[in-house]
Amino acid sequence: MDIIISNSSNDPIYLQIVNQIKAMIMSGELAPGEALPSMRNLAMQMRISLITTKRAYEELERDGFIETYTGKGSFVKAQNAEFLKEENLRQIEALLSEAADKAKMNGITFDELSDIMKMLF
């Protein structure tokens, strides 16, 4: 599992880990039931704090992407199609909201923005 941490990113390290693991799960790169590295191993590999990896795994579990079993480790949770679709829609809404805000700031009308979206889609 390749996770790349950027020191120049505005996102904290734990969030960079969360986002990359979510993307791997949603793309199918990490399959349901697949074991993740232990928090300790991931921290050592990435040369970061164990607390950082613990926070990332806790957030992934809270969001329903992984399951953690005491003494066994953390595993990719079996996702239903509706859950993955909802997560993708949430991410798309965030991106479209940012695009709409930029369009408004630059005087682009809804019709112009809609035409751009039609062209891209």
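This is a short dialogue on reading pockets, a core, buried residues and salt bridges in a predicted model.

Q: How many salt bridges does a search of the whole structure find?
A: A salt bridge pairs a side-chain nitrogen of Lys or Arg with a carboxyl oxygen of Asp or Glu within 4 Å. The search finds five of them here.

Q: Which residue forms a salt bridge with K22, and where do the two partners lie in the chain?
A: The partner is D63, with 2.8 Å between the closest N and O atoms. K22 belongs to helix α1, while D63 sits in the loop between α3 and β1. The two are 41 residues apart, and the pair links distant parts of the chain.

Q: Are K22 and D63 buried or exposed?
A: Buried means under 20% relative accessible area, and exposed means over 50%. K22 has 7%, so K22 counts as buried. D63 has 21% and is therefore partly exposed.

Q: With which other residue does D63 form a salt bridge?
A: D63 also pairs with R62, where the closest N and O atoms are 3.4 Å apart. R62 counts as exposed because its relative accessibility is 60%.

Q: Why are R90 and E87 separated by about one helical turn?
A: Both are in helix α4 and are three residues apart, which means a spacing of about one turn. Their side chains meet in a salt bridge, at 2.6 Å from N to O. R90 is partly exposed, with 44% relative accessibility, whereas E87 is buried at 9%. Elsewhere, salt bridges that share partners join K22, E59, R62 and D63 into one network.

Q: What is E87 in contact with, apart from neighbours within four places in sequence?
A: Contact here means heavy atoms within 4.5 Å. On that basis E87 touches K22, M26 and F65. E87 itself has its place in helix α4, which covers residues 81–105.

Q: Which residues line the second largest pocket?
A: Lining residues are read from their atoms' distance to the pocket points. In this case the lining consists of L15, V18, N19, K22, A23, M26, E59, E87, N88, R90 and Q91. Two elements, α1 (13–27) and α4, give two or more residues each. The most comes from α1, with six residues. Sorted by class, the lining has four nonpolar, three polar and four charged residues. The volume of this pocket is about 160 Å³.

Q: What volume does the largest pocket have, and which residues lie nearest its centre?
A: Its volume is about 200 Å³. There are 14 lining residues, and S38, M39, R40, G73 and S74 lie nearest the centre. At least two residues of the lining come from each of α2 (39–46), α3, β1 (66–69) and β2 (73–76). By class, six are nonpolar, six polar and two charged.

Q: Which residues touch the most other members of the largest nonpolar core?
A: A nonpolar core joins buried residues through side-chain atoms. This one has 20 residues, and those touching the most other members are I3, I17, I21, I25, L30, Y57 and I66. Helices α1, α2 and α3 each supply at least two residues, and the largest share, seven residues, comes from α1. Leaving aside neighbours within four places in sequence, the contacts of I66 include I25, L36, Y57 and L60.

Q: Is T53 buried or exposed?
A: T53 is buried, because its relative accessibility is 0%. T53 is in helix α3, residues 50–62. Beyond neighbours within four places in sequence, T53 contacts M39, L42, A43 and I48.

Technical notes: Residues are numbered from 1 along each chain as its sequence is written. This is a predicted model: local features need pLDDT of at least 70, side-chain atom pairs count only at pLDDT 80 or more; totals for chains, interfaces and linings use all residues. Side-chain values use heavy atoms; hydrogens and water are left out. Helices (H or I, at least four residues) and strands (E, at least two) are DSSP runs, numbered from the N terminus. Buried means under 20% relative accessible area, exposed over 50%, partly exposed in between (1.4 Å probe, protein chains only). On a 1 Å grid over the protein atoms alone, a cavity is a set of points where a 1.4 Å probe fits but cannot get out, and a pocket is an open set with protein on both sides within 12 Å along at least five of seven lines; lining residues have an atom within 4 Å of a point. Grid points are joined across faces, edges and corners, and a volume is the space filled by probe spheres set on the points. Ala, Val, Leu, Ile, Met, Phe, Trp, Tyr, Cys and Pro count as nonpolar, Asp, Glu, Lys and Arg as charged, and the others, Gly among them, as polar. A nonpolar core is a set of buried Ala, Val, Leu, Ile, Met, Phe, Trp, Tyr and Cys residues joined through side-chain atoms within 4.5 Å.
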